[in-house]
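Thank you all for making time this morning. I would like to walk you through one structure, taking its main pocket and then its charged side-chain pairs.

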Amino acid sequence: MIRPMVIADVDAVLAIEREVQPYQWTRGNFTDALNSAYLCSVDSVEIVEGHPEQGIEILSYAILMPVVDEAELLTIGVAAGQQRKGLGRKILGYMLDEARERDMRCVFLEVRASNMGAIALYQRAGFIRVGTRRGYYKNGDNVEDALTMACELKVGSNG
């Protein structure tokens, strides 16, 4: 079930972030996004009663920052144990639909040049490469380029 992210979700989202992202957001990044009224969503599932870890499990998350009639996908992640099950495609599609409903005409994002799985996901969703940001990702001695991608939205439709 995809729903708005709430502050109580941040710990679970941070755990996924630390598990799957080489260039990680901080708790402050997530709370700032929530406080700034960005479109913050999670895909979660309720763990059945009687299971030793009863409660809600966050499977994926995404944050979209709207600016006038455009938006930027700031981050997206799927729990390591849930990858390759279509959850990235599901939450990305949801975020694009939400952007359309808000009359956004285009969504931009940056992705690590080496992240072929994510690049393929974005291309299947209609994103095209529009540029490169040299040395965009920095983590200690690791420096990596970002590909800038854009998806033109057809407002009022699903494609």
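Let me begin with the lining of the largest pocket, where strand E4 makes the largest contribution, seven residues. Please keep in mind throughout that what you see here is a predicted model.

E4 itself covers residues 70–78, and it is joined in the lining by helix H1 (10–20), helix H3 (87–101), strand E5 (106–112), helix H4 (116–124) and strand E6 (128–139), each of these elements supplying at least two residues. In total 35 residues line this pocket, and if you want to find its centre on the screen, the ones to look for are Gln-21, Ile-76, Asn-115, Ala-118 and Tyr-122, which lie nearest to it. The space inside comes to about 1000 Å³. As for the chemistry of the lining, 17 of the residues are classed as nonpolar, 10 as polar and eight as charged.

That brings me to the salt bridges, of which the count is 10. I will go through a few of them in turn.

One of them pairs Asp-11 with Arg-27, with 2.7 Å between the closest N and O atoms. Asp-11 sits in helix H1 and Arg-27 in helix H2, residues 27–35, so that this contact links distant parts of the chain, 16 residues apart. Arg-27 counts as partly exposed, because its relative accessibility is 42%.

Another joins Asp-43 to Lys-90, and here the closest N and O atoms are 3.1 Å apart. Since Asp-43 belongs to strand E2, residues 39–47, and Lys-90 to helix H3, the pair ties together parts that are separated by 47 residues in sequence. Which of these two partners is buried? It is Asp-43, whose relative accessible area is 1%, whereas Lys-90, at 39%, is partly exposed.

A third example is the salt bridge in which the side chains of Glu-98 and Arg-102 meet, at 2.6 Å from N to O. With a relative accessible area of 12%, Glu-98 falls under the 20% cut-off and is therefore counted as buried, while Arg-102, at 41%, is partly exposed.

Finally, some salt bridges share partners, and in this way Asp-69, Glu-70 and Arg-105 are joined into one network.

To close, I would leave you with two things to look at again on the screen: the pocket lining, with its seven residues from E4, and the pair of Asp-43 and Lys-90, which connects strand E2 with helix H3.

How values were computed. Residues numbered from 1 in each chain as written. Predicted model: local features only at pLDDT ≥ 70, side-chain atom pairs only at ≥ 80, totals over all residues. Heavy atoms only, no water. 1 Å grid on protein atoms, 1.4 Å probe; cavity = no way out; pocket = protein on both sides within 12 Å on 5 of 7 lines; lining within 4 Å. Points joined across faces, edges and corners; volume = space filled by probe spheres on them. Helix = DSSP H or I, 4+ residues; strand = E, 2+ residues; numbered from the N terminus. Nonpolar A, V, L, I, M, F, W, Y, C, P; charged D, E, K, R; others polar. Salt bridge = Lys/Arg side-chain N within 4 Å of Asp/Glu carboxyl O. Buried < 20%, exposed > 50% of the residue type's maximum accessible area, 1.4 Å probe, protein only.
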